[in-house]
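Please examine the sequence and the three-dimensional structure shown below. The paragraphs that follow lead through several places in the structure, one after another.

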Amino acid sequence: MERLNKYLASTGAASRRSADKLISQGRVRVNGKTVTELGVSVNEKNDTVMVDDIIVRPVSDYSYLMFYKPKGCITTASDEKGRKTIYDYLSDLNIPHLISVGRLDYDTEGMLLLTNDGELAHKLTHPSFEVPKTYSVKVKGEMPEHKLAQLRKGVLVDGELTKRCKVKLLEYKDGESKLNITITEGKNRQVRKMFEAVEREVIFLKRIAVGELRLGGLSRGGYRYLNEDEIYYLKRI
């Protein structure tokens, strides 16, 4: 027997955390019966699990990709406003249940990891694992040391203090500051809100690394498969 959210993650239908939301929303059925309670267990051999009336089964052959998300598209599979999504750039791939590991907002570009390995996606996005993510940031105005110290120590974002982070000022030119910032959280629009907390407006934001994996070598909208060493590294974080 296996917990339903873990089973859903093994099918690639969602990360384990997202699977809990699918269950709570009444979108999952087991043997024809809608399940809304968390903690239910299923038997892979005997039970039939459906998400949105589609049967899902564990994936035996996982895929792992790095994608350079351009600015001006969203990370979800579809959008009620008709905006372009990352999957429009990946339409030539025939990989079932490919999900993004975390998100980047509409105006942010840079590295996204994608996989149908729901367990790994859960591990990389769960706050308890504190996977570092590094961004290249450009803001209006100077960034004096006291503001850098505030960011490093933690600032209030949506009523909560952010965790300590690494911030490096690279240059100040033509009224703009360029920095690198590494955080271990994944709150919605966190980097932008952190700089808002120190009264600086972000005018450019790009994720350049997840852990030790770096974006280099890809153009906007491009992707590549991760190699064995990269996959091994992610699995042992």
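A residue is called exposed when its relative accessible area is over 50%, and buried when that area is under 20%. The structure under discussion is a predicted model.

The first place to visit is Glu145, which belongs to helix H5, the run of residues 145-153. Is Glu145 buried or exposed? Its relative accessibility is 51%, and therefore Glu145 counts as exposed. The side chain of Glu145 is joined to the side chain of Arg152 by a polar contact of 2.9 Å. Along the sequence, Glu145 and Lys166 are separated by 21 residues, while their C-alpha atoms lie 13 Å apart in space.

Val198 may be set beside this example. Val198 is situated in the loop that links helix H6 (190-197) to E15. Because its relative accessibility is 2%, Val198 counts as buried. Which residues is Val198 in contact with, leaving aside its neighbours within four places in sequence? They are Met143, Lys147, Gln150, Leu151 and Val155. Pro127 stands 71 residues from Val198 in sequence, and the distance between the two, C-alpha to C-alpha, is 24 Å.

The next topic is charged residues that are buried. Arg207 is part of strand E15, which comprises residues 202-210. Arg207 is buried but has no salt bridge. How far away is the nearest side chain of opposite charge? That side chain belongs to Asp105, and it is 9.1 Å from Arg207. A polar atom of the Arg207 side chain does, however, lie 3.3 Å from the backbone oxygen of Arg103. Residues up to four places away in sequence aside, Arg207 touches a list of residues that includes Val101, Arg103, Leu104, Glu109 and Tyr135.

Asp47 offers a second case. Asp47 is located in the loop between strand E4 (41-42) and strand E5 (49-51). Asp47 is likewise buried without a salt bridge, and the nearest side chain of opposite charge, that of Lys33, is 12 Å away. What does the side chain of Asp47 make a polar contact with? One partner is the side chain of Asn31, at 2.9 Å. The Asp47 side chain also reaches the backbone nitrogen of Asn43, at a distance of 2.6 Å. When neighbours within four places in sequence are set aside, Asp47 is in contact with Val30, Asn31 and Val42.

From single residues the account now turns to a whole helix. Helix H4, residues 118-125, is mostly covered, since six of its eight residues are buried. Those buried residues are Gly118, Leu120, Ala121, His122, Lys123 and Leu124. What covers the buried residues of H4? The covering elements include the helices H1, H2 and H7 (228-235), together with the strands E7 (64-69), E8 (99-101) and E9 (109-115).

The final topic is empty space inside the protein. The structure contains two cavities of 30 Å³ or more. The largest cavity has a volume of about 50 Å³. Its lining is formed by Arg3, Leu4, Asn5, Asp20, Ile23, Glu37, Leu38, Gly39 and Val40. Which helices each supply at least two residues of this lining? They are helix H1 (4-11) and helix H2 (16-24). H1 and H2 thus appear twice in this account, as they are also among the elements that cover the buried residues of H4.

Definitions and conventions:
Residues numbered from 1 in each chain as written. Predicted model: local features only at pLDDT ≥ 70, side-chain atom pairs only at ≥ 80, totals over all residues. Heavy atoms only, no water. Helix = DSSP H or I, 4+ residues; strand = E, 2+ residues; numbered from the N terminus. Buried < 20%, exposed > 50% of the residue type's maximum accessible area, 1.4 Å probe, protein only. Lys, Arg positive; Asp, Glu negative; His and termini not counted. Salt bridge = Lys/Arg side-chain N within 4 Å of Asp/Glu carboxyl O. Polar contact = N/O pair within 3.5 Å; in protein donor to acceptor, adjacent residues only side chain to side chain. Contact = heavy atoms within 4.5 Å. 1 Å grid on protein atoms, 1.4 Å probe; cavity = no way out; pocket = protein on both sides within 12 Å on 5 of 7 lines; lining within 4 Å. Points joined across faces, edges and corners; volume = space filled by probe spheres on them.
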